[in-house]
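Biologist: I have a two-chain model open on my screen and would like to learn how to read it. Could you walk me through it, one feature at a time?

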Amino acid sequence: MLISKKRVRARKNGEPGLYPVVYVSKNLREYQKEMVSKEVESLNELRNIRLAFHKVLREDMKLKENLDTFHDVFASVGEISGQFAEVRDDITGTVGNVQQQVNQLKGSAEQVQECFEEIQNTFANFQEAIENIKKCMKQIITVADQTNILALNASIEAARAGEKGKGFAVVAGDVKRLANEIKDLAGVVEEGIGGVEHEAEKMSESITASNEAMAEGVDSVNTTYDMFDEIISAADGAETVQDKITATITESREKLNEVKQSFADTEAQYKKVMAHIEKARELGTMKGSMFEDVDNMLSQIAPIIEEYENA
Amino acid sequence: MRQFFGMSQGGNLEEAAIGLSNPEFIMLISNNRQFEQHVAELEKLFPKVPSIGCIGMGYDTRIVEDGVSIIAYTEGTEVVANVLEQVSAMPVKYIHRMEQDLMKIDASSDNTVCIDFCSSNDACVLTTAYSLLGKRNIQLVGGTGDAGKVSANGKVYEDAAAYAFVKNKGGRVKTYKENIYKPLDGQYLIASETDRSNYLLGALNGKPAKQVYQEILHIDEKDITDQTFINPFGKLNGKEICIISIKAVEGGALTCYRQVNDSDVLVLLQLQDYKMVANDTIQRICYDFNHISAVFSVNCLFRYLLFSKNNDMQEYLETMSKLGSHAGLVGYGEHYNNQFVNQSMTCVVFE
């Protein structure tokens with residue numbers, strides 16, 4: 001804009017001349033300074049928002065990391081739960097093996113019991129045979145006693161027969177001696193049989209005791225077998241618990257994924273907000289240069305007018 | 001078009017002009033002692049040829065530190081040169097000249113560039129010039145000369161900005177800016193308590209600027225001015241970054257080589273591998289142009305000092321010569337469109 005000489009002359013005539021333009025430009029610069037001052041405040045606020053939001057984003061990131069940790073924990077629990085199932089399978093397998101062994105033991109014990117019964121039967125036959133032997137021995141003793149009596153009678157008759165009976169008396173004496181020897185031998189045999197019978201009774205008691213112990217063992221084996229069944233049943237119960245744990249983990253994971261999705265949505269929103277903040281910041285930086293341009297232009301008005309006024 | 005570069009390390013203008021004939025435009029880069037003499041001699045040698053000049057160091061594949069350099073265009077350009085005066089107070093008083101020159105040359109955005117040499121108040125000059133050029137999308141490249149003097153069309157001016165509209169009749173023109181720094185971190189520093197006339201930066205985020213600079217970089221006060229080679233400030237302007245060098249410490253404030261304004265948003269910058277950055281610039285230019293007639297660049301004095309300190313200046317100039325005819329000057333501040341920057345390289349490429 002060119003200032004006409006007419007206007008300059010007006011200043012010389014005492015009129016305000018171009019002073020109002022200077023006044024306006026001066027005020028515009030003051031307004032501009034005020035705007036800049038507000039802009040500094042506004043940029044500081046934006047900076048604070050940006051810093052605060054960065055903090056929010058950091059916290060959000062931490063939270064997300066924690067959620068990921070949860071995910072890992074669930075995975076670990078699931079894994080451990082799976083290991084638990086393996087342990088349960090191991091128990092069931094081991095118990096099955098043991099049960100098999102116990103079954104074999106049970107079978108062996110029953111065989112032993114059968115053998116014991118056979119032994120007892122055999123032993124009963126043995127005792128019966130001893131009784132028969134004892135009876136025979138008694139009969140032998142009886143026969144020996146009768147023979148002795150016969151020998152005594154024969155000796156008496158031989159004595160009565162005198163000289164003629166002397167030979168018979170010798171025979172009767174031999175018979176008597178023989179009968180006594182038989183009787184003594186029978187006594188020895190009876191005594192031996194008594195020992196055998198005594199030992200047999202002790203043996204019988206041992207066998208009975210062993211049999212009873214074996215029976216108790218078989219009972220224990222049966223009880224153990226039943227307990228193993230209970231263990232397997234309990235392990236199967238654990239499987240149910242494990243299934244429940246797995247179901248709970250699956251449900252928790254689903255919920256966690258929902259939470260994560262919510263966070264992802266929130267994060268997307270945060271990013272949008274951040275992008276707006278960045279854009280606002282970027283625009284703010286452009287305003288700085290524009291203020292500079294405004295000031296650079298405004299600052300020229302006053303000296304130009306002053307120069308024209310002085311011309 | 002063709003670009004001519006002539007030089008005399010001893011400051012002999014005639015020697016520098018050997019081989020130059022029928023120039024359409026001349027740029028003179030002289031020294032402080034002989035500037036007026038060189039301007040007059042040049043006008044005598046090539047009267048009526050549009051020219052602009054300043055005091056600085058010229059270069060093509062070699063640097064001329066204290067002599068004289070001539071960069072001239074021939075065969076295919078149309079140029080008009082002129083000057084904005086009283087730039088420290090009212091460059092806009094002469095905007096009409098520029099407006100008329102622009103009309104005279106019938107400039108269009110893709111074939112015309114404005115090259116300027118400024119003596120002072122660069123930011124104000126650029127605001128003023130770009131208020132006109134920006135509307136027509138005319139690109140600008142230039143720099144700050146030494147000693148507060150420039151020349152235009154054979155005349156020396158103080159407190160002025162010499163400019164030339166160079167129209168490439170054989171193809172396109174395009175300007176570039178090279179930044180060998182990148183933001184140190186995401187920390188934004190809001191400037192306040194500034195004094196634009198003294199290029200003073202008082203506070204950043206409400207704290208004394210010196211303290212903030214020291215705290216971020218963990219350096220002593222005595223190291224601040226050296227540290228600016230590695231960590232200058234960057235003024236954000238949208239996606240653009242304008243580098244601002246630190247000149248001195250003044251109390252709790254910092255004085256810079258460029259004005260800083262209240263509400264400017266600054267970041268601290270970190271020096272990158274400048275050889276790699278230069279190669280990237282070359283690749284960028286080669287991507288844009290199949291055939292290059294000439295490249296004219298303005299390199300900051302800080303870059304010259306940094307490269308020279310590392311014995312890389314010669315290598316840098318040879319690297320840039322890969323583009324073809326490359327010449328320019330070392331300035332005290334660089335101009336890129338409406339931006340006044342430090343520690344940068346700006347250039348214009350002629351197809």
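**Reading the model together**

Modeller: Let's begin where the chains meet: 20 residues of chain B are in contact with 24 residues of chain A. Two residues are in contact if their C-beta atoms, placed from the backbone, lie within 7 Å. This is a predicted model, where local features need pLDDT of at least 70, side-chain atom pairs count only at pLDDT 80 or more, and totals for chains, interfaces and linings use all residues. Residues are numbered from 1 along each chain as its sequence is written, while chains are lettered from A and ligands numbered from 1 in the order in which they are written.

Biologist: Which elements give two or more residues to the side of chain B that touches chain A?

Modeller: They are H4, strand E15 (189–192) and strand E19 (233–237) of chain B. Helices (H or I, at least four residues) and strands (E, at least two) are DSSP runs, numbered from the N terminus. H4(B) gives the most to that side, with 5 residues. By class, the side of chain B that touches chain A has 9 nonpolar, 8 polar and 3 charged residues. Here Ala, Val, Leu, Ile, Met, Phe, Trp, Tyr, Cys and Pro count as nonpolar, Asp, Glu, Lys and Arg as charged, and the others, Gly among them, as polar.

Biologist: What pLDDT does each chain average?

Modeller: pLDDT is the predictor's confidence in each residue, from 0 to 100. Chain B averages 93, and 100% of its residues score at least 70. Chain A averages 78, with 94% of the residues at 70 or above. Within chain A, confidence is lowest in helix H1 (residues 5–12), at a mean of 51, and highest in helix H3 (residues 166–310), at 80. For the complex, the predictor gives an ipTM of 0.86 and a pTM of 0.69.

Biologist: How many helices and strands are there in each chain?

Modeller: Chain A has 3 helices and 0 strands, and its elements run α-α-α from the N terminus on. Chain B has 9 helices and 28 strands. For burial, count C-beta atoms: a residue is buried if 20 or more others lie within 10 Å of its own, exposed if 12 or fewer, and partly exposed in between, with C-beta atoms placed from the backbone. Buried residues make up 8% of the 311 residues in chain A, while 55% of the 351 residues of chain B count as buried.

Biologist: What about a single helix: which residues of H5(B) are buried?

Modeller: The general idea is that an α-helix has 3.6 residues a turn, so residues three or four places apart point the same way. In helix H5 (residues 209–217) of chain B, the buried residues are Ala209(B), Lys210(B), Val212(B) and Tyr213(B). Seen down the axis of H5(B), they fall within an arc of 165° (taken from the directions from the helix axis to the C-beta atoms), so they line one face of the helix. Just after H5(B), His218(B) takes a positive phi of about 55°.

Biologist: And in H2(B), which residues are buried?

Modeller: Those are Phe35(B), His38(B), Val39(B), Glu41(B) and Leu42(B). Among the elements that cover them are helix H1 (13–16), strand E2 (25–30) and strand E6 (68–74) of chain B. Take His38(B): it counts as buried because 27 other C-beta atoms lie within 10 Å. Leaving aside neighbours within four places in sequence, His38(B) is in contact with Leu13(B), Leu28(B), Ser30(B) and Val68(B). The C-alpha atoms of His38(B) and Gly154(B) are separated by 9.2 Å, with their positions 116 residues apart along the chain.

Biologist: Ser263(B) and Asn311(B) have a positive phi too; is each one buried or exposed?

Modeller: Ser263(B), whose phi is near 80°, is in the loop between strand E22 (253–256) and strand E23 (265–271) of chain B. It counts as buried because it has 26 C-beta neighbours inside 10 Å. Asn311(B), with a phi of about 55°, is found in the loop between helix H8 (301–309) and helix H9 (313–320) of chain B. With 8 other C-beta atoms within 10 Å, Asn311(B) is exposed.
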